[in-house]
Amino acid sequence: SISYAFDATELDRASEAKNGLERIISLVRSRAEMHASALAGRRPPVVLLSDIEAIAQSTAPEMLTKSNAQIERISAFIISGLDDGSVDVKSPAAATFFLLNILHWLPQWFASIPNAHHHSAVDGVCDLLRNGIILDSNRPAIRAILRPRLEEYPAIFDRSVRNQLKRDAFLRAGIR
């Protein structure tokens with residue numbers, strides 16, 4: 001199970017945005033900027049819980065309750081977006097799962113991007129959430145994230161490196 005330890009103020013700030021979509025983007029931007037700041041050494045790393053069952057039995061129920069409440073608040077952002085017309089999804093549950101997975105993979109993705117390009121990476125993720133993957137000639141172009149050249153990747157024949165290259169390619173295509 002995926003779980004997150006959000007600061008209550010982080011969710012409160014996001015809930016102040018004007019509509020459901022902007023609440024989602026505010027939360028993702030806030031979390032992404034926190035990860036970028038941690039990687040740049042400007043703040044401590046952000047806590048990300050991914051396996052509550054592995055935590056001591058005495059604290060797991062309390063953490064699970066808090067985590068579920070936070071997930072419900074995030075899901076409420078999506079539902080409010082459906083209500084106000086800023087979000088158009090068929091399944092709020094699937095959209096919540098997708099959003100939580102984005103938040104889960106942010107630290108690993110940011111670790112592969114030079115610190116100087118984190119801001120454009122945050123903008124790219126927010127652009128993808130705001131505009132989706134669409135073909136529209138009127139849509140403003142977002143500057144691409146600069147990635148290391150292929151020869152800069154170590155152990156190119158290593159399966160994990162090849163898998164990382166594939167994930168990076170999908171992310172770049174999605175952001176473009």
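# Helices, burial and the largest pocket

Visitor: In which helix does Ile74 lie, and is Ile74 buried or exposed?
Guide: In this predicted model, Ile74 belongs to helix α3, which covers residues 60-84. Its C-alpha is 7.5 Å from that of Ile24, although the two are 50 residues apart in sequence. Because burial is set at under 20% relative accessible area, and Ile74 has a relative accessibility of 0%, Ile74 counts as buried.

Visitor: What pattern does the secondary structure of the protein chain follow along the sequence?
Guide: The protein chain has six helices and zero strands. Read along the sequence, the pattern is therefore written with helices alone, as α-α-α-α-α-α.

Visitor: Of the contacts in the protein chain with a separation of 6 or more, what percentage joins residues 24 or more positions apart?
Guide: Pairs such as Ile74 and Ile24, which are 50 residues apart in sequence with their C-alpha atoms 7.5 Å apart, illustrate how positions distant along the chain can be related in space. Taking the contacts with a separation of 6 or more, the share made by residues 24 or more positions apart is 66%.

Visitor: How far apart are the end C-alpha atoms of helix α4, and what span should its residues give?
Guide: Helix α4 comprises the 20 residues 92-111, which at 1.5 Å a residue should span 28 Å. The helix also bends by about 40° at Trp105, with a proline, Pro107, following within four residues. The expected span nevertheless agrees with the distance between the end C-alpha atoms, which is 29 Å.

Visitor: Is Phe97 of α4 buried or exposed?
Guide: Phe97 is placed in helix α4, and its C-alpha is separated by 9.2 Å from that of Ile71, 26 residues away along the chain. The buried residues of α4 include Ala95, Thr96 and Leu99. Because exposure is set at over 50% relative accessible area, and Phe97 has 55%, Phe97 is exposed.

Visitor: Is His104, in the same helix α4, buried or exposed?
Guide: His104 is located in helix α4, and its C-alpha lies 10.0 Å from that of Arg31, at a distance of 73 residues along the chain. With a relative accessible area of 17%, which is under the 20% cut-off, His104 is therefore classed as buried.

Visitor: Which helix supplies the largest share of the lining of the largest pocket?
Guide: The largest pocket has a volume of about 910 Å³, and of the 31 residues that line it, the closest to its centre are Phe98, Ile102, Val125, Leu128 and Leu129. Helices α2 (20-39), α4, α5 (118-131) and α6 (159-175) each supply at least two residues of the lining. The largest share, nine residues, comes from α4.

Visitor: How many residues of the lining of the largest pocket are nonpolar?
Guide: The lining of the largest pocket includes seven polar residues and four charged ones. Among the residues closest to the centre are Phe98 and Ile102, which are of kinds that count as nonpolar. In the lining of the largest pocket, the number of nonpolar residues is 20.

Visitor: Against which helices do the buried residues of α5 pack?
Guide: Helix α5 has 14 residues and reaches 20 Å from its first C-alpha to its last, close to the 20 Å expected at 1.5 Å a residue. Its buried residues include His118, Ser120, Ala121, Val122 and Leu129. The helices against which the buried residues of α5 pack are α2, α4 and α6.

Visitor: Which residues does His118 touch, not counting residues up to four places away in sequence?
Guide: His118 has its place in helix α5, and, with a relative accessible area of 4%, this residue is buried. Not counting residues up to four places away in sequence, the residues that His118 touches are Ala36, Leu39, Phe110 and Ile113.

Visitor: With which residues is Ile133 in contact, leaving aside its neighbours within four places in sequence?
Guide: Helix α5 is followed by Gly132, whose phi is positive, near 70°, and Ile133 is placed in the loop between α5 and α6. Ile133 is exposed, with a relative accessible area of 69%, while its C-alpha is separated by 7.9 Å from that of Ile175, 42 residues away along the chain. Leaving aside neighbours within four places in sequence, the contacts of Ile133 are Leu128 and Gly174.

Methods:
Residues numbered from 1 in each chain as written. Predicted model: local features only at pLDDT ≥ 70, side-chain atom pairs only at ≥ 80, totals over all residues. Heavy atoms only, no water. Expected span 1.5 Å × (residues − 1). Bend = angle between axes of the 7 residues up to and from the residue. Buried < 20%, exposed > 50% of the residue type's maximum accessible area, 1.4 Å probe, protein only. 1 Å grid on protein atoms, 1.4 Å probe; cavity = no way out; pocket = protein on both sides within 12 Å on 5 of 7 lines; lining within 4 Å. Points joined across faces, edges and corners; volume = space filled by probe spheres on them. Contact = heavy atoms within 4.5 Å.
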